[in-house]
Amino acid sequence: MSTPQVVVHRDKELMAQAAAARLITRIVDAQAARGSASVVLTGGRNGNGLLAALATAPARDAVDWSRLDLWWGDERFLPEGHPDRNETQAREALLDAVDLDPARVHAMPPSGGAHGNDADAAAEAYAAELAAAARPEDHGSVPSFDVLLLGVGPDTHVASLFPELPGVRETERTVVGVHGAPKPPPTRVSLTLPAIRAAQEVWLLAAGEDKAGAVALALGGAGEVQAPAAGAYGRRRTLWLLDQSAAAQLPRGLYPPASA
Ligand SMILES: O=C(O)C(O)[C@@H](O)[C@H](O)[C@H](O)COP(=O)(O)O
């Protein structure tokens, strides 16, 4: 488990641009070292803001997009192409504009497809897809993603793991169906904390005043059932990328004054 590091940016636009620049560097380094890279995407405004910033980043084409594996941390269980699906939004923000290998884009299953309306079956299928992609050196049933992105909800949820709901308590399965989520739509598919923690680096993104309480709670020692974001960390690095408003309730000792 890596100790969280906090970086505070002036506002959410700068946060998205800086995170995009950071992600480009991370992907380029992984591709230089291993030939490919893997990133787990998140839904939500900040995750999509990062993708939109990537789309216009000057160094965007330093990435070999055809050697990038993309996964999702969670999905809203809706029909293929639905505008509220995280996949649809990511495609619009970036994916349609870059030269990805479709076989490396691992969207979570939609409702109404092979699994009908059964989010649990969709979760099982995604877990199998992850397991098939895991290499022996990953020591587990999901790949050791290079970077896993997470938005943080005002209630401290990450992916579709909400406080006190069964998903956040899952210790065995890597992907679960989520029912009765407080953020619409109620039915979702989500990686679990054990799957999230297989990532080398976990980056949590939060911007805006409405996130300040959640950020302070998660970084202030709350338990993960009460504050799922507190249980999201990477093997090598856990990075909280914030804007000033989201950092407003953090003790100043948690990050150097120069970073904001
Ligand atoms: O499906 C979703 O909505 C998510 O993946 C969710 O976990 C999101 O990342 C947070 O709710 C933060 O969303 P914002 O960045 O929009 O606040």
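Over residues 11-240 the chain is 32% helix and 16% strand. The C-alpha atoms at the two ends of this stretch are 14 Å apart. UniProt, in an unreviewed entry, places the feature "domain: Glucosamine/galactosamine-6-phosphate isomerase" at residues 11-240.

This is a predicted model. The protein chain has a mean pLDDT of 96, and 98% of its residues reach 70 or more. For the complex, the predictor gives an ipTM of 0.97 and a pTM of 0.97. Where pLDDT is low, predicted coordinates should not be read in detail.

Start with the six-stranded sheet. Its strands form an open sheet in the order 1-9-8-5-2-3, and the pairing is parallel. Strand 1 (4-9) and strand 3 (68-72) stand at the edges. Each has a single partner strand, so one side of each is left without a neighbour in the sheet. From one strand to the next, the twist averages 20°.

Look now at one pair within this sheet. Strand 2 (residues 37-41) and strand 5 (residues 147-151) run parallel and are joined by two bridges. Val 40 has Leu 148 in strand 5 as its bridge partner. Helix 1 (residues 12-34) packs on the sheet. Helix 1 touches strand 1, strand 2, strand 3, strand 5, strand 8 (201-206) and strand 9 (237-243). The direction of helix 1 makes about 155° with that of strand 9.

Turn next to the three-stranded sheet. This open sheet has the order 4-7-6, with antiparallel pairing. Strand 4 and strand 6 (175-178) stand at the edges. Each pairs with a single strand, so one side of each lacks a neighbour in the sheet. Here the twist averages 15° from one strand to the next.

Strand 4 pairs with strand 7 (residues 188-191) in the antiparallel sense, over three bridges. The bridge partner of Glu 75 in strand 7 is Val 189. Helix 4 (residues 119-133) packs on this sheet and touches strand 6 and strand 7. Its direction makes about 165° with that of strand 6.

Last comes the ligand. It is surrounded by 16 residues, and the closest are Gly 43, Gly 44, Arg 45, Asn 46 and Gly 151. Helix 2 (45-55) and strand 4 (74-76) are the elements that give two or more residues to this shell. Helix 2 gives the most, with three residues. What is the shell made of, by nonpolar, polar and charged residues? The shell divides into three nonpolar, nine polar and four charged residues.

Definitions and conventions:
Residues are numbered from 1 along each chain as its sequence is written. This is a predicted model: local features need pLDDT of at least 70, side-chain atom pairs count only at pLDDT 80 or more; totals for chains, interfaces and linings use all residues. A residue is near a molecule or strand if its C-beta atom, placed from the backbone, lies within 6 Å of it. Helices (H or I, at least four residues) and strands (E, at least two) are DSSP runs, numbered from the N terminus. Ala, Val, Leu, Ile, Met, Phe, Trp, Tyr, Cys and Pro count as nonpolar, Asp, Glu, Lys and Arg as charged, and the others, Gly among them, as polar. UniProt positions are given in the numbering used here, feature names are shortened, and annotations may be inferred rather than shown by experiment. Two strands pair if DSSP finds at least two bridges between them. Axes are lines fitted to C-alpha atoms, for helices over the stretch in contact, and angles run from 0 to 180 degrees between N-to-C directions. Two residues are in contact if their C-beta atoms, placed from the backbone, lie within 7 Å. pLDDT is the predictor's confidence in each residue, from 0 to 100.
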